Amino acid sequence: MSSPDLENIVALLEASRPTPDIPVEDFRRLYDQMGAMLPTAAGVTIDVTEVSGVPGVRFTPSTPSGEAPGRTILYLHGGGYSI
């Protein structure tokens, strides 16, 4: 059983499925707008960064002690060049 939030996200994805008559630039803009609807969790700092010329985004959660977390996850998405 899925949550109402998940059902809404799935409905948005289905509604934004690309069609041949939508220019890719418009689809990218719509996809970015959909992402903006998903708020970042409280206490998470977002930094736009670049490493060796490759752009990236760093999400850093706060900890109860205020110290930096001791672990890192590197996520490389497989976007499939669809957006």
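**Figure 1. Order of helices and strands along the chain.** Read along the sequence, this predicted model follows the pattern α-α-β-β, and its secondary structure comes to two helices and two strands, where helices (H or I, at least four residues) and strands (E, at least two) are DSSP runs numbered from the N terminus. Residues are numbered from 1 along each chain as its sequence is written, and side-chain values use heavy atoms, with hydrogens and water left out. Because the model is predicted, local features need pLDDT of at least 70 and side-chain atom pairs count only at pLDDT 80 or more, while totals for chains, interfaces and linings use all residues.

**Figure 2. Surface and contacts of the whole chain.** Of the 83 residues of the protein chain, 4% count as buried; buried means under 20% relative accessible area, exposed over 50%, and partly exposed in between (1.4 Å probe, protein chains only). The accessible surface of the chain comes to about 7600 Å², of which 60% belongs to carbon and sulfur atoms, with areas taken from the Shrake-Rupley method with a 1.4 Å probe, and for residues only the protein chains shown count as cover. Among the contacts (heavy atoms within 4.5 Å) with a separation of 6 or more, 16% come from residues 24 or more positions apart.

**Figure 3. The salt bridge in helix 2.** The side chains of Arg 29 and Asp 26 meet in a salt bridge at 3.0 Å, N to O, a term that stands for a side-chain nitrogen of Lys or Arg within 4 Å of a carboxyl oxygen of Asp or Glu. Because Arg 29 and Asp 26 are three residues apart in helix 2 (residues 24-36), they are separated by about one helical turn. Arg 29 counts as partly exposed at 44% relative accessibility, and Asp 26 counts as partly exposed at 29%.

**Figure 4. The hairpin of strand 1 and strand 2.** Strand 1 and strand 2 run antiparallel and are joined by eight bridges; two strands pair if DSSP finds at least two bridges between them. Thr 45 has Thr 60 in strand 2 as its bridge partner. The hairpin has two residues between the strands, and Ser 52 takes a positive phi near 55° in it.

**Figure 5. A nonpolar patch on the two strands.** Ile 46, Val 48, Val 57 and Phe 59 make a nonpolar surface patch of about 410 Å², and the elements that give two or more residues to this patch are strand 1 (44-51) and strand 2 (54-61). Patches are made of residues with over 30% relative accessible area and no salt bridge, with like charges joined within 9 Å and nonpolar side chains (Val, Leu, Ile, Met, Phe, Trp, Tyr) within 5 Å. Val 48, found in strand 1, counts as exposed at 73% relative accessibility.
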